[in-house]
Amino acid sequence: MLILTGCSQNTIALAQNNNSVNATYDINSFLPQDTGVVENTTTTNENQNTQSYQQTSANLTVNYIDIGQGDAELLTSDGHSMLIDTGTPESGSKIRLFLQKQGVQKLDYLVLTHPDSDHIGGAASVITNVPIDTVMMPDYQKDNKYYKGLIDALNYRYINPTIPVVGQTFTLGSCTVKVLGPIRKYDDPNNNSIVLKVTCGNNSFIFVGDAEEEELYDITNHFGAELDSDVYKVGHHGSHNSSSESFLRYVTPVFSVVSCAEGNSYGYPHAESLIRLRSIGSHLFRTDKQGTITIKSDGANITYDPSPCDNWTPGENTQNSQSSFASTQDTTSTSIVESSQYVLNTNTKKFHRPDCSSIADIKEKNKKISNQSRDEIINSGFKPCKRCNP
Ligand SMILES: [Zn+2]
Ligand SMILES: [Zn+2]
């Protein structure tokens, strides 16, 4: 049975036009903006349980594995499988156990989007213990022990990693995978993330690793309308420097999945990312609130377990920003700021993004929330904070 999480009150009723599976999204009839929030309507059935992937009618199953602060997604289609990222160094055994439970004994593909430790952390453990046909990595080296451990594991297995080429496609069971990025080399690891679009019939899923504005800008310019996807693995764990507005305008995901840890020290997901996702009418899943998220496609319909939580409370860990920008009550968690706002310090004459860590230090009497534009605020004598660069 489905395990309901703390977000379940905000479950959206998506049962129209479908008799067998209630939590179903029909690509032709579902307009997310018009869907009301209905209480206590969560209904799923035993078929939604995904302990075993091989006995379903779906052509693609994507598990956004809850490995804490990091990324790890397992995609399976017709007995073929691809793992995108391996979480932190502590995630290796958890991922292996997850593969075992899903009946995955071999990976067709391991994609390591970029060499940060929250993406390649568990890679050495997976590579040394699970047979893998192809390992994909970007053309970007990092000088840390996890990267070295990964290279050692590849050498131990005699695996020569593949650097994917943008525009290249390959198959995963009955699905097609297309490489969308990185289009060129960038200075920092996040912007060198491998970006993939996986198409299953009429449905598609996009994975962007930790790609930030720079890489997303190039991908948007290059691929435009081709980015259109039903499900979006939210970039960089919901950081404000990813999920750019122009990129989202093309992707227009019906569903977005944030992979991060509850109470993470980065404050993910950031308010600005959530605002952008919400403003395009996307429904939200969160591993920090819901654990592992399973989304399936049979080529026409998308089903999921659990249902979207649509919990728009940002992960900022400062008390002031929590109370200023979102209620922590489940029942009113949709009350996040509706438009771009800034926080002013009337004493220092600085202004901040809502997720800036400096906000915690502003005295209540000096703190003011402004709905004015950035230019208007600057014109009235305020200077942008150097830490959050609003
Ligand atoms: Zn990351
Ligand atoms: Zn990263």
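In helix α1 (residues 92-101), S93, L97, Q100 and K101 are exposed, that is, each has 12 or fewer other C-beta atoms within 10 Å of its own. The model is predicted, so that local features need pLDDT of at least 70 and side-chain atom pairs count only at pLDDT 80 or more, whereas totals for chains, interfaces and linings use all residues. Residues are numbered from 1 along each chain as its sequence is written, with chains lettered from A and ligands numbered from 1 in the order in which they are written. Helices (H or I, at least four residues) and strands (E, at least two) are DSSP runs numbered from the N terminus.

On the other side of α1, G92, I95 and L99 are buried, a term for 20 or more other C-beta atoms within 10 Å, with partly exposed residues in between; C-beta atoms are placed from the backbone. These three lie on the same side of α1 because they cover an arc of only 70° around the axis, the arc being that of the directions from the helix axis to the C-beta atoms. Their cover includes β3 (73-77) and α3 (123-129). After α1 comes G103, with a positive phi near 75°.

Strand β14 (residues 293-297) is mostly covered, with 5 of its 5 residues buried. I293, I295 and S297 point one way from the strand, and T294 and K296 point the other way. In a regular strand the side chains alternate between the two faces of the sheet. Strand β2 (residues 60-64) pairs with β14 in the antiparallel sense over 5 bridges, where pairing requires that DSSP finds at least two bridges between the strands. Y64 has I293 of β14 as its bridge partner. β14 also pairs with strand β15 (residues 301-305), in the antiparallel sense over 4 bridges, and the partner of I295 in β15 is Y304. The hairpin of β14 and β15 has 3 residues between the strands, and G299 takes a positive phi near 95° there.

The largest nonpolar core has 74 residues, of which V111, L196 and V198 touch the most other members. Such a core is a set of buried Ala, Val, Leu, Ile, Met, Phe, Trp, Tyr and Cys residues joined through C-beta atoms within 7 Å. Another core, of 10 residues, lies apart from it and includes Y342, V343, F351 and F382.

S282 is found in the loop between α7 (271-279) and β13 (283-286). S282 counts as buried because it has 26 C-beta neighbours inside 10 Å. S282 and F255 are 27 residues apart in sequence and 5.3 Å apart in space, C-alpha to C-alpha.

How values were computed:
Two residues are in contact if their C-beta atoms, placed from the backbone, lie within 7 Å.
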